[in-house]
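Biologist: I have not seen this one before. Can you walk me through the structure?

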Amino acid sequence: MPRKESLYASKCNEDLGAGAGNLKRWMKLRGVRVKDLAQFLGVSEASASRLVRGQQNITLDDAARVQQITGGLVTPNDLLEDRRHSEVS
């Protein structure tokens, strides 16, 4: 697992765009696995996987942590948008 500090590493220069999938794209660009995200958030891998797919509710605290570890590239609004898109699909 990458050290927590590596999750805070400098922002990606790649523009993630707005809306659904930002967390998933950020994880792919940074090489962060679902297992790593789960450990950082203190949730099960299954919960983290559902979160990445937009199928899991997220607490405000976890949304703030996601925003923190992504250097602000994935916002709580993005996570809500991810969830909206998964409900429509």
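Biologist: What pLDDT does the chain average?
Modeller: This is a predicted model, and the chain averages a pLDDT of 74. Of the residues, 67% score at least 70.

Biologist: Which element has the lowest mean pLDDT, and which the highest?
Modeller: Helix 1, residues 4-7, has the lowest, at 46. Helix 3, residues 34-41, has the highest, at 92.

Biologist: And where is the pLDDT below 50?
Modeller: Over residues 1-20. In the model, that stretch has 38 contacts beyond near neighbours in sequence.

Biologist: Back up a bit. How many helices and strands are in the chain?
Modeller: The chain has 6 helices and 0 strands. Along the sequence the pattern reads α-α-α-α-α-α.

Biologist: What share of the chain is buried?
Modeller: Buried residues make up 33% of the 89 residues.

Biologist: How about contacts between residues at least 6 apart in sequence: what share join residues at least 24 apart?
Modeller: That share is 56%.

Biologist: Now the inside. How many residues are in the largest nonpolar core?
Modeller: It has 16 residues. Leu-23, Trp-26, Met-27 and Leu-37 have the most contacts inside it.

Biologist: Which helices each supply at least two residues of this core?
Modeller: Helix 2 (22-30), helix 3, helix 4 (45-52) and helix 5 do. Helix 3 gives the largest share, 4 residues.

Biologist: Stay on helix 3. Which of its residues are buried?
Modeller: Asp-36, Leu-37, Ala-38, Phe-40 and Leu-41. Just after helix 3 comes Gly-42, with a positive phi of about 75°.

Biologist: Asp-36 is on that buried list. What does its side chain meet in a salt bridge?
Modeller: Arg-33. The N to O distance is 2.9 Å.

Biologist: Are those two buried or partly exposed?
Modeller: One of each. Asp-36 counts as buried because its relative accessibility is 0%. Arg-33 has a relative accessible area of 42%, so it is partly exposed.

Biologist: How many salt bridges does the count come to?
Modeller: The count is 2. Besides the Arg-33 and Asp-36 bridge, Arg-65 forms one with Asp-62. There the closest N and O atoms are 2.3 Å apart.

Biologist: How are Arg-65 and Asp-62 placed in helix 5?
Modeller: They are 3 residues apart in helix 5, residues 60-69, so about one helical turn separates them.

Biologist: Is Asp-62 buried or exposed?
Modeller: Asp-62 is buried, with a relative accessible area of 12%. Its partner Arg-65 is partly exposed, at 31%.

Biologist: Switching to helix 6. Where does Asp-78 come in?
Modeller: Asp-78 lies in helix 6, which covers residues 76-88. Asp-78 is buried yet has no salt bridge.

Biologist: What is the nearest side chain of opposite charge?
Modeller: Arg-25, and it is 7.4 Å away. A salt bridge needs the nitrogen within 4 Å of the carboxyl oxygen, so Arg-25 at 7.4 Å does not make one with Asp-78.

Biologist: Then which side chain makes a polar contact with the side chain of Asp-78?
Modeller: The side chain of Asn-22, at 3.1 Å.

Biologist: Anything else in helix 6?
Modeller: Leu-80 is found there too. Leu-80 is partly exposed, with a relative accessible area of 43%.

Biologist: How many residues apart are Leu-80 and Ala-63 in sequence, and what is the C-alpha to C-alpha gap?
Modeller: They are 17 residues apart in sequence. In space the C-alpha atoms are 9.4 Å apart.

Biologist: Last topic, Ala-48. Which helix is it in?
Modeller: Ala-48 is in helix 4. With 0% relative accessibility, Ala-48 counts as buried.

Biologist: What is Ala-48 in contact with, leaving aside neighbours within four places in sequence?
Modeller: Val-34, Leu-37, Ala-38 and Val-43. Two of those names came up earlier: Leu-37 and Ala-38 are among the buried residues of helix 3.

Biologist: And what separates the C-alpha atoms of Ala-48 and Arg-33?
Modeller: A distance of 9.8 Å. Along the chain, Ala-48 and Arg-33 are 15 residues apart.

Methods. Residues numbered from 1 in each chain as written. Predicted model: local features only at pLDDT ≥ 70, side-chain atom pairs only at ≥ 80, totals over all residues. Heavy atoms only, no water. pLDDT = per-residue confidence, 0-100. Contact = heavy atoms within 4.5 Å. Buried < 20%, exposed > 50% of the residue type's maximum accessible area, 1.4 Å probe, protein only. Core = buried A, V, L, I, M, F, W, Y, C linked by side-chain atoms within 4.5 Å. Lys, Arg positive; Asp, Glu negative; His and termini not counted. Polar contact = N/O pair within 3.5 Å; in protein donor to acceptor, adjacent residues only side chain to side chain.
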